[in-house]
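Good morning, everyone, and thank you for making the time. I would like to walk you through one model today, slowly enough that we can follow each step on the screen.

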Amino acid sequence: MNYNDGAASSEPALDNYTRTLLEALQPSGEQIGDPGEEARLRADELLARASEAELTEPIVELFTFLLHCRRQHRFSPEAFGIRPETLESLALKHQQIDEHMVSIGGRLTQALPIAGEANNRVDSYLKEKDEAAPSGIELWETILENQARIKRKLKMSDEDWNSFPGQIRHAVDSIETLAELIDLPPAAAASVAQVTKEYRMRLTPYYTSLIMPGRLNDPVMLQSIPTGEMIDNAGIEIPPVAADHSPARLIDQFYPRVVTIKATNMCAMYCTHCLRIAHIGRKDKIYSREAYREALDYIRANERIRDVLVTGGDAFVLPNSMLDWLLEQLDEIDHVKVKRLGTRVPVTVPMRVNDELLDIIEKSNDRKPIRVVTQINTAQEITPVSRDSFRRLSKRSFTVLNQAVLLKGINDSRVKMWKLCETIQEAYVRPYYIFNCSYRNPQFTHFRVPLEVGRDIVESMYGNISGDAIPRYIATAGGKIPLHRSNVVTEENNNYTLRKPWNGEEVNYPDADPELYKSDQFCFRKY
Ligand SMILES: *Cc1c(COP(=O)(O)O)cnc(C)c1O
Ligand code: SF4
């Protein structure tokens with residue numbers, strides 16, 4: 001919106017960009033040769049189109065041609081019989097046609113080259129993304145072949161495949177079964193067999209089908225199949241976070257107004273990089289009603305709490321009746337204003353997201369906003385099926401947010417992370433956080449990525465992908481600590497120098513006048 005529109009449009013004048021452009025086109029003394037028949041015909045044709053049409057594009061094209069002739073071959077417009085007055089009037093016409101009075105000079109010498117430079121930044125990404133980080137939608141044909149093979153080997157009916165109980169009943173929890181379903185080097189199989197005595201493995205048949213055959217260190221495989229390093233690394237145990245942050249049964253609290261209820265220790269699939277690995281996936285436990293009551297009592301008694309995150313484990317592993325009850329209890333507490341459900345199920349068993357669950361979520365969302373917080377680490381985890389479950393969740397809840405973990409070999413490059421963020425946004429999910437993989441769990445030291453690498457990746461997104469597809473970069477260390485790089489270069493005499501993250505260009509940014517800011521005599525108080 002330009003507030004000067006009305007005032008300025010009465011008498012358009014040429015701006016400095018256009019004057020400079022017109023000057024650049026004029027001859028500078030040297031002999032003008034003959035541009036030749038072909039170029040003259042082209043100039044005539046462009047001039048005719050620019051003069052006739054009430055469009056900006058033919059004018060831009062004419063000036064582009066003339067500027068090219070002048071720069072490359074030293075032919076000025078006069079060589080084509082085009083007079084300076086004609087060009088001036090076409091420049092004015094361009095400005096009059098354009099709704100925002102953009103001048104031909106500004107468009108041709110500033111905006112178009114700037115756009116060209118910006119295009120170069122994303123072109124390498126566009127070339128690499130589908131090869132380096134294919135989505136499950138792009139891989140769907142192979143995934144369907146995997147599904148057919150897995151269904152046959154596990155003797156699963158379509159009904160089993162398409163239901164949550166069917167997927168859980170046939171979950172892959174032994175190395176013997178796994179080795180029948182995917183390619184595993186024999187030495188790896190022996191090592192995995194060892195590790196799974198210590199760490200639980202469970203892949204849903206659906207999640208197993210996302211593993212690409214013949215790909216060593218497939219990113220879905222890395223997230224779900226424990227490897228020998230988990231035992232080799234486990235030397236230095238650091239006490240689980242829960243002990244110092246759990247003020248009440250099932251509750252974790254870092255902040256005065258937000259708490260989590262760890263409503264279950266079960267997940268549909270057990271992640272190799274799980275932050276709660278000390279509590280999750282050792283043994284399934286059904287928690288008693290008393291435990292939930294104590295957690296709810298803690299929330300009830302603490303009026304500061306306004307946001308409750310139901311997590312686990314995985315909130316969607318809870319039976320519908322249990323979720324329904326828990327959400328009702330929370331909605332009845334006056335000071336609880338918003339809720340979240342933490343779940344990976346839409347990517348590990350999207351079949352769980354059925355109408356009954358969606359009805360429960362919508363019912364609670366109608367009382368007070370409810371967000372679904374998920375964890376997707378690669379574009380490969382977005383398939384037509386998971387995308388559809390997110391689409392339905394996003395229709396029935398306030399919003400769906402993603403918390404990714406930055407993991408070596410899984411998503412630790414610009415192309416992979418950009419692709420992840422764009423793909424999930426296209427699947428109705430908003431990128432929310434990227435966690436630097438924690439030091440607290442030595443089991444997954446081999447997945448850790450240096451803090452600075454993550455900063456480069458996150459910072460590279462600014463200006464190149466949609467702002468609301470850029471997550472915040474976070475260290476979890478007894479609460480979430482932002483890790484973003486500062487783009488303030490210097491500050492002097494109330495003047496900032498800021499850096500554009502996408503090309504390093506530094507710009508001057510005068511700050512608000514501190515004296516003026518202090519004054520309370522402003523606007524209507526001035527009368
Ligand atoms: C992540 C987390 C929260 C929520 O933090 P937000 O920054 O509000 O997303 C709250 N409590 C605990 C214990 C958490 O781990
Ligand atoms: S879904 Fe979450 S809680 Fe469950 S194993 Fe994965 S990271 Fe851990």
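**Two ligands and their surroundings**

Let me begin with ligand 1, where strand 2 (258-262) and strand 7 (430-436) each supply at least two residues of the surrounding shell. Please keep in mind throughout that what we are looking at is a predicted model.

Which residues, then, surround ligand 1? They are D252, F254, Y255, V258, T260, R340, Y432, Y433 and K480, and if we sort this shell by character, we find five nonpolar residues, one polar residue and three charged ones.

Some of these side chains can be followed down to individual atoms. In Y433, a polar side-chain atom lies 2.5 Å from an oxygen atom of ligand 1, while for R340 the distance from a side-chain N or O atom to a ligand oxygen is 2.7 Å. K480 also takes part, with an N or O atom of its side chain 3.3 Å from an oxygen atom of ligand 1. As for cover, ligand 1 taken alone exposes 390 Å², and the protein buries 87% of that.

Now let us turn to ligand 2, which has C267, M269, Y270, C271, C274, I280, G313, R344 and Q375 around it. This shell divides into six nonpolar residues, two polar ones and one charged one.

Finally, stepping back to the chain, the domain assignment gives domain 1 (16-118), domain 2 (140-226) and domain 3 (488-518), and the centres of domain 1 and domain 2, taken over C-alpha atoms, are separated by 63 Å.

Definitions and conventions:
Residues are numbered from 1 along each chain as its sequence is written. Chains are lettered from A and ligands numbered from 1 in the order in which they are written. This is a predicted model: local features need pLDDT of at least 70, side-chain atom pairs count only at pLDDT 80 or more; totals for chains, interfaces and linings use all residues. Side-chain values use heavy atoms; hydrogens and water are left out. Domain bounds come from an automatic or database domain assignment. A residue is near a molecule or strand if one of its heavy atoms lies within 4 Å of it. A polar contact is a pair of N or O atoms within 3.5 Å; within protein, one must be able to donate a hydrogen and the other to accept it, and residues adjacent in sequence count only if both atoms are side-chain atoms. Accessible areas come from the Shrake-Rupley method with a 1.4 Å probe; for residues, only the protein chains shown count as cover. Helices (H or I, at least four residues) and strands (E, at least two) are DSSP runs, numbered from the N terminus. Ala, Val, Leu, Ile, Met, Phe, Trp, Tyr, Cys and Pro count as nonpolar, Asp, Glu, Lys and Arg as charged, and the others, Gly among them, as polar.
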